[in-house]
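Thank you all for making time this morning. Please have the sequence and the model open as I talk, since I will move from place to place along the chain.

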Amino acid sequence: MLDDYWTDTSMSFDDYMTSYPDGKFAIYGLVDAPIGSQSIFERIIYPQSIEVYPKGRPAVKNFDGSAFDVVADDMSEATAGTQAYKFIRLRPVSDSDPLTFSLDPSKQWSTPAVDYIVRSMRGGKWVTVDTIAGNSPFSIDSDAYFDSLGVARLSITPIIGDLKSDSLTVTVRNIINSKTAINGAQAFKDRFAEGTIGREAYTDLKGRFVVARKHRGTLASPASARSRSAARAADETTWLYLRDLSDPDSEEFFMIHGDNLDAINEGDIFTQLTILPERFDGNVVADISGLETLAVRETDAEQRPVTMPKDELASLSVAHRMNLCSHEGHTHYSLAAALPESLRRYDLLSLHNVGVRVDSESGEYFAQLAEDLPIGFHLMGGDREMIAGPMADNRNARLDLHGVMITGPDGRWILELERASATPVLQPTVIAMTSGGDDAAGLFATYATVTVNSPEEGAAIYYRINGGAYSTIEAGEPITIGETSLIDTYSCRPGTAESAVVARHFTKTTVAVHSVSELMSTLTDNRPHHIMNTMVVAEVVDNVMMVSDADAHWIALWNPAGWGDAYKRGDNVADFIVNIPDDRTRFFTIDPDNMPQPLTGLTTEERLRVPHATVREIISDADAGTLVAMQGGQITTDTQVYTVSPEADRSIVYSLNPAPLGLLDWMAAPEGEVFVITSYVMSAPDGSTELWPIRLDAVRHTYDPEIIADEPVFVGSTEFTVDSELGAYVWWSTDGGATWNEYPDAPVTIDRTCTVSVYAQLPGLSDSQTVTLDFTREYVSGDVEIQAAAIGNGYVDVEIVPGEPMGDDDYRIYCTTDGTEPQVKAAHRYKGALRLRSTAVVKALMVEEGKRPGAVNACEVIVPQGVSGAIKIHFKEGDGVTAVIITPFYVIPQGSYSIYYTTDGSEPQADPAMLYDGSALMFSEPCTVKAMLVQDGMLPGEVLSQAIRILTGISAPGSDSDPSSEVACSPEGMITAPEGSRLYDMAGRLLDINATLRKGVYIVVTPDGKAVKILVR
């Protein structure tokens, strides 16, 4: 410092150093090399003056004096040049609210008062508009500073005297005047999707919107934040899920976040919200930070805020709810359920009754759906303990999970957990015996009706009996059991954990049997027996009723009150209880409270017939409980004790007991007379065989057989069978007994009208009576043919004739033209050709004299409407080959027409063999192509004929001077020449010699090589 050079008289150099100890200066002075220095790099400055730079950039405060801290774009302070800050701030309604400026307090140092130069961007240039002294407020005038979009761009530069600091660029947006108003959520989403509303475009959303859900979470990260408030939201954001009440069925949400939403609660309804859209990669996400005060609540007539009731709000609180069930076959089976196709990012998802799997290596949690759904714990406040707790005691516990859906780096869905809890378990089912027994004791005698109910509404009930497979059943639906049963039941409902299994044991107090043999095998059990299967009544006498099972085994039922007229021979009965007789062999006493139940409505196959008696000469132990016809029995009487000896061995004696079935009148039977004794083989009290007779026949004849036929009147053929006495030989005849055939014990086929005669024989007995049955064969009338007698433009004449020639008086034809089935009635009688003027379905049948109506023949008759158009035949002649293509003369849609052609000169027909496939026809020999067009629903068009010529590559052959008498030309242009002759025109092209020629000169070459010139005039 040399005073000789210092020029600043207001302050010395030392004063500057003292006043600004850490200042930033511009030093003006003389540069020289130090005296005696040997280095060319050493320099010394002799200061003349110093300019002091203000330190730091200005800070901008809000209209109300608070810090203006909503930063959208912050350039690093290390960047050279003017630092650019972009401020976005809501302007209140007034156009004269001030902006205030000050130096950053952290960088201030003692300095004179700072002024600010304010410049405005106008027409692409910075224009100085004002200089503000100190911290004086700066007012923004909308007309002067804001452009047509409501944006003001200002440059603010602190200045001390002539010294300027770095500038601060401020952008102020007047969103009051520039925001867009949209009515309804759907209109907003449509315009957002179209791009007419962009991100960071302030928007007034109008309508009726309810806060369906409110929670805190971290759906955005600071790195992705678009504003300072969004960055702050990453740490402490409150989220509102809004639903538009004008579309209550919609599953879409508006996701709104802000800094000051504590006063807003679930159920609040708003009619207007000012929002700043941020993204639309699923649901719309928007910022309301700083705009909370602009939200307009809906109020009632007394200006009180309106709130949606909780019960209504519950139906809107979740975007996607999956009620799962853990049972296969259910609509929402959890291990096969897939995420909804309509799922979007940031959608709320609620999984009810879902299984959770923990990966043993990574410790990650997964919800078990069709594909494992990862569970995250980073954004919504949920933690692993919410899941680990319910699963601590039961690794297979079912859980309810609630969260927000996002996607991970690999694009897979992740459920960011908000909360979790154990799934509620359904209450147990209730099993009750509603009829047939004692519910409290669980006892029943024959059948019991059991029902299963669940106290849970909408639950599906499952049950099984005696360890079988589970089946579903409706609540209260009866289950009938006829044997001792263990019934297990449980219930389930999608979204709720299944109930515990409930079991009840029901005991049958009787022994269930299904046949006489089974009854006899359980006689040691003294309990009453329940006969469940069908039995047939054979005899009813006073107190005794004989019944037989399907195996022709018999038992005697004893009714102390008598049977009366309630039962008769041939009745089918079932489901009754009998008590074991004291001697276990004779009468089974009936339970009066469980009498045999008559069966009605049985088919022929289901009904049991009274079995015929089995013919026996000697009775064996195997005949016990059966009905036999013992041959040649001789009866003896000793003081009312009857015995009988078979003719085959008179030394054998059976006890005869006529009392049970009332056959006491045989006392009149002559001693020693031989009978056929029809009896039930029973056991006497001493265990010996005892016969209970029901019939005595002196040398009886064989029982009459029965002819059984399902269709005595038939078409084609039918069959019959014969039911006869066991062991009998059966003979049948169709010619009145002139010839007899042995019945083969199998169905016999009848294919003509006749009377079938049948009789039966048993050895030692006379023949049965001959029984007959008439069979009648009927014939079906023949078929008819539906023919088109005439076809014209707009009509078709249809004739219907027999398929085979026959006399006019031998048949009648009935028809319809509306597609309905023809009936044999006067209205449908065919009387002559039918003229149809529109397409119709004709159905007809024929009735021949004395026959059934024939089969219905149906035919769709298409009535042509108009005549098809013309065609073109295009041909291209090459060396030895001519190519031909045929097309419609006018353009016709493909698929609406067909072209038919011939090459032999004959007329084309609508015949598939003549169909033109559209490809080029190649000819190496001359011919005549004839073709026609057939359009759909029209008559064929006019036939076009074209003679095809073949280029030979040679000049026309010369002609002989003497004309040949073998070659001639008719006035019509037709050539007559020896077979094998060839025709050329004067250009040497080979022509079709059979075609009609146009005027001109032609050469005919005969097979012997003679050339004859022909002139066609």
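Let me begin with a question: is glutamate 877 buried, partly exposed or exposed? Before I answer, please keep in mind that what we are looking at is a predicted model. Glutamate 877 counts as partly exposed, because its relative accessibility is 22%, and the cut-off for buried is under 20%. Its salt-bridge partner is arginine 949, with the closest N and O atoms 3.1 Å apart, and arginine 949, at 19% relative accessibility, counts as buried. As for where the two sit, glutamate 877 is in strand β62 (residues 871-877) and arginine 949 is in the loop between β67 (944-948) and β68 (950-951), so this pair ties together parts that are 72 residues apart in sequence.

That salt bridge is part of a wider arrangement, since Glu877, Arg949, Asp985 and Arg989 are joined into one network by salt bridges that share partners. Within it, arginine 989 forms a salt bridge with aspartate 985, where the closest N and O atoms are 2.8 Å apart, and both of these residues are buried.

If we stay with this part of the chain, we can look at the strands around it. Aspartate 985 falls within strand β71 (residues 982-985), and arginine 989 within strand β72 (residues 989-991); these two strands run antiparallel and are joined by two bridges. Tyrosine 984 has leucine 990, in β72, as its bridge partner. Both strands belong to an open sheet of five, in the order β68-β72-β71-β73-β74, with antiparallel pairing, and the edge strands, β68 and β74 (1011-1016), each pair on one side only.

For the model as a whole, the count of salt bridges comes to 26. Another of them joins lysine 851 to glutamate 848, with the closest N and O atoms 3.3 Å apart; here lysine 851 is partly exposed, at 35% relative accessibility, whereas glutamate 848 is buried, with a relative accessible area of 13%.

There is another open sheet I would like you to find, with five strands in the order β49-β55-β54-β51-β52, and in this case the pairing is mixed. At its edges stand β49 (713-715) and β52 (741-742), each with a single partner strand, so one side of each has no neighbour in the sheet. The partner of β49 is strand β55 (residues 771-778), to which β49 is joined by three bridges, the two running parallel, and valine 713 stands opposite threonine 776 in β55.

Now let me turn to the nonpolar cores. Which residues have the most contacts inside the largest nonpolar core? They are Phe188, Leu240, Leu242, Phe254, Ile256, Leu273 and Ile275, in a core of 24 residues. The elements that give two or more residues to this core are α4 (185-194), β14 (203-217), β15 (237-244), β16 (254-258), β17 (269-279) and β18 (284-287), and β17 gives the most, with four residues. To take one residue as an example, isoleucine 275 touches, among others farther than four places away in sequence, Phe188, Leu205, Phe254, Ile256 and Leu291. A second, separate core has 22 residues, including Val356, Met391, Leu415 and Ala420.

Phe188 and Phe254 also appear in another setting, because, with ring centres within 6.5 Å counting as a pair, Phe188, Phe209 and Phe254 form one aromatic cluster. Across the model, the count comes to 14 aromatic pairs. In one of them, tyrosine 462 and tyrosine 490 are stacked, at 5.2 Å centre to centre and with 0° between the planes; tyrosine 462 lies in strand β28 (residues 460-465) and tyrosine 490 in strand β31 (residues 485-492), so the pair ties together parts that are 28 residues apart in sequence. Both of these tyrosines are buried.

By contrast in geometry, tryptophan 554 and tyrosine 680 have ring centres 4.8 Å apart and planes at 65°, so this pair is edge-to-face. The pair links distant parts of the chain, with tryptophan 554 in strand β37 (residues 554-558) and tyrosine 680 in strand β46 (residues 674-683), 126 residues apart, and both residues are buried.

Finally, there are places where a charged side chain lies over a ring. Arginine 835 lies over the face of tyrosine 795, at 4.1 Å from the ring centre, and lysine 872 lies over the face of phenylalanine 889, at 4.9 Å from the ring centre.

Key
Residues numbered from 1 in each chain as written. Predicted model: local features only at pLDDT ≥ 70, side-chain atom pairs only at ≥ 80, totals over all residues. Heavy atoms only, no water. Core = buried A, V, L, I, M, F, W, Y, C linked by side-chain atoms within 4.5 Å. Buried < 20%, exposed > 50% of the residue type's maximum accessible area, 1.4 Å probe, protein only. Contact = heavy atoms within 4.5 Å. Salt bridge = Lys/Arg side-chain N within 4 Å of Asp/Glu carboxyl O. Pairing = 2+ DSSP bridges. Phe/Tyr/Trp six-rings, centres within 6.5 Å; stacked < 30°, edge-to-face > 60°. Lys NZ or Arg CZ within 6 Å of the ring centre and 35° of its normal.
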